Amino acid sequence: MSLVELVDIRKRFGAVEVLKGISLTLEKGEIVAVIGRSGSGKSTMLRCINGLEKVQAGRIVVDGIDVTAPKADLNLLRQRAGMVFQSYNLFPHLNVERNIMLALKLVRKLDTSAAREVARAVVTKVGLADKLHAYPDELSGGQQQRVAIARSLAMQPTLMLFDEITSALDPELVGEVLRVLEGVASEGMTMMLVTHEMNFAKNVADRVIFMHEGRIHEDGPARETLLEPRTAELRSFLNAVLH
Amino acid sequence: MIREFAGADIIYLIEAARWTLLLALTATVGGGLLGIVVAVLRVIPFRPLSWLAIAWINLIQGTPLLGQLFVFFFGLPLVGLSVDAWTAAALSLSIYASAFFGEIWRGSLQSVSQRQWEAGAALGLTYAQRLGHVVLPQAIRISIAPTVGFLVQLVKNTSLTALIGFVELTRASQIISGATFAPLPVYLTAAVIYFVICFSLSQLAHMLERRLHVAR
Ligand SMILES: Nc1ncnc2c1ncn2[C@@H]1O[C@H](COP(=O)(O)OP(=O)(O)O)[C@@H](O)[C@H]1O
Ligand SMILES: [Mg+2]
């Protein structure tokens, strides 16, 4: 069975239909880049997958959990499907270590010393071992985003969702975050990432999904899709972002 | 018999200031508990209760505290409930404080970004865990400055209860001033005592903010 399955999902905000029937499957270990114009529904789709938004129709199954069931265990789902946001969203009142330990203790029920060990390990993985006791406002945007990735990784999710996680960063800080992403990718994590970094999509993703006006307009192998777009919409989108 | 303003009078004023403090403290506790209810009613998504809370806030913030004091002190006996000056003072200051605390705390709670709720949710935290470990700690830090700011107002406003004859610092000053005909030193002493109380409160706030790592 596929790790993620979306069957004809529809999402409205008020009268506006934002997702107009999306179907896709994601296999374990797959890395999918989601691209498309602003407002095409990329974030909404990701948010539906981890239950931050409710769909009006269709079915979503993630790692065996039926997200769209009325009594879905969303907290369990979110342990399996980690999410990192554009705006980092670290907890400003907690230092790096405690940001990471919080959910380990409350959700995964680790004791303090075990949680501390995990925190140290994931922070080392993103290259910030020396910042374990720093507060978020003492870190650069790139460092905060790396901590956010570490915080999500610490939960040992089976799937990670990344929503434009480099878009709020100064250009010189984008590279360090992408390198961390590459590291996560190389360990076999299943990833779905909304991105405007076309080179990253081409080189790291297995597959590209192009969203247009609430629908999946193209879906195919990364290189092929980006180098030889089949539709005029994707061609014009790529022209706009590359030039 | 006119006498000099003496050391004993200063002691008397300081003792009267205890009533000022006790009244402010009572209103803080009473108004604080009621303020939590007001804040909660304001944020829960059930309109009639929100309207009730809004009406409460507008009624209290839109009328003078002195008027509220008079309503309790002179009004309650008219309906057969006898109240002494302390009860009327404590009751009306608590009610007065509840409206302000309610608004301050609601504002602090709502000023924590929706994204913080989402970040907690994305990690699998339950609603209660998000509230207790992510949002409330931040809201409390945000609320320290305005809460203490209001406490300072509250301490000063206890002086209005002198007008219903409650002997706190201001009423005590009036009494001594009447006996010594030396209003200036008396009221200066009172002013210094008010200042010490209020200044200590704001220093306490600064200390708390530093200790709790308030987000910038
Ligand atoms: N919470 C919301 N309420 C109302 N409209 C929303 C909300 N979130 C997103 N939208 C709308 O849905 C559409 C798709 O948004 P989004 O999924 O954020 O697009 P993208 O991530 O591709 O830029 C946009 O038109 C946006 O204005
Ligand atoms: Mg988006």
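The following paragraphs describe the surroundings of ligand 1 and the interface of chain B and chain A. The model is predicted, with local features requiring pLDDT of at least 70 and side-chain atom pairs counted only at pLDDT 80 or more, whereas totals for chains, interfaces and linings use all residues. Residues are numbered from 1 along each chain as its sequence is written, chains are lettered from A and ligands numbered from 1 in the order in which they are written, and side-chain values use heavy atoms, with hydrogens and water left out.

The residues around ligand 1 include A:Phe13, A:Val18, A:Arg37 and A:Thr44, a residue being near if one of its heavy atoms lies within 4 Å. By class, this shell holds two nonpolar, six polar and two charged residues, with Gly counted among the polar ones. Its largest share, three residues, comes from helix H1 (residues 42-49) of chain A. Oxygen atoms of ligand 1 lie 3.0 Å from a polar backbone atom of A:Gly41, 2.8 Å from a polar side-chain atom of A:Lys42 and 2.7 Å from a side-chain N or O atom of A:Ser43.

At the interface, 21 residues of chain B are in contact with 25 residues of chain A (heavy atoms within 4.5 Å). The two chains bury about 2000 Å² between them, 60% of it on carbon and sulfur atoms, where buried area is the accessible area (1.4 Å probe) lost on being put together, summed over both parts. One salt bridge is found across this interface (a side-chain nitrogen of Lys or Arg within 4 Å of a carboxyl oxygen of Asp or Glu), and the side chains of B:Glu118 and A:Arg47 meet in a salt bridge with an N to O distance of 2.5 Å.

Methods
Polar contact = N/O pair within 3.5 Å; in protein donor to acceptor, adjacent residues only side chain to side chain. Helix = DSSP H or I, 4+ residues; strand = E, 2+ residues; numbered from the N terminus.
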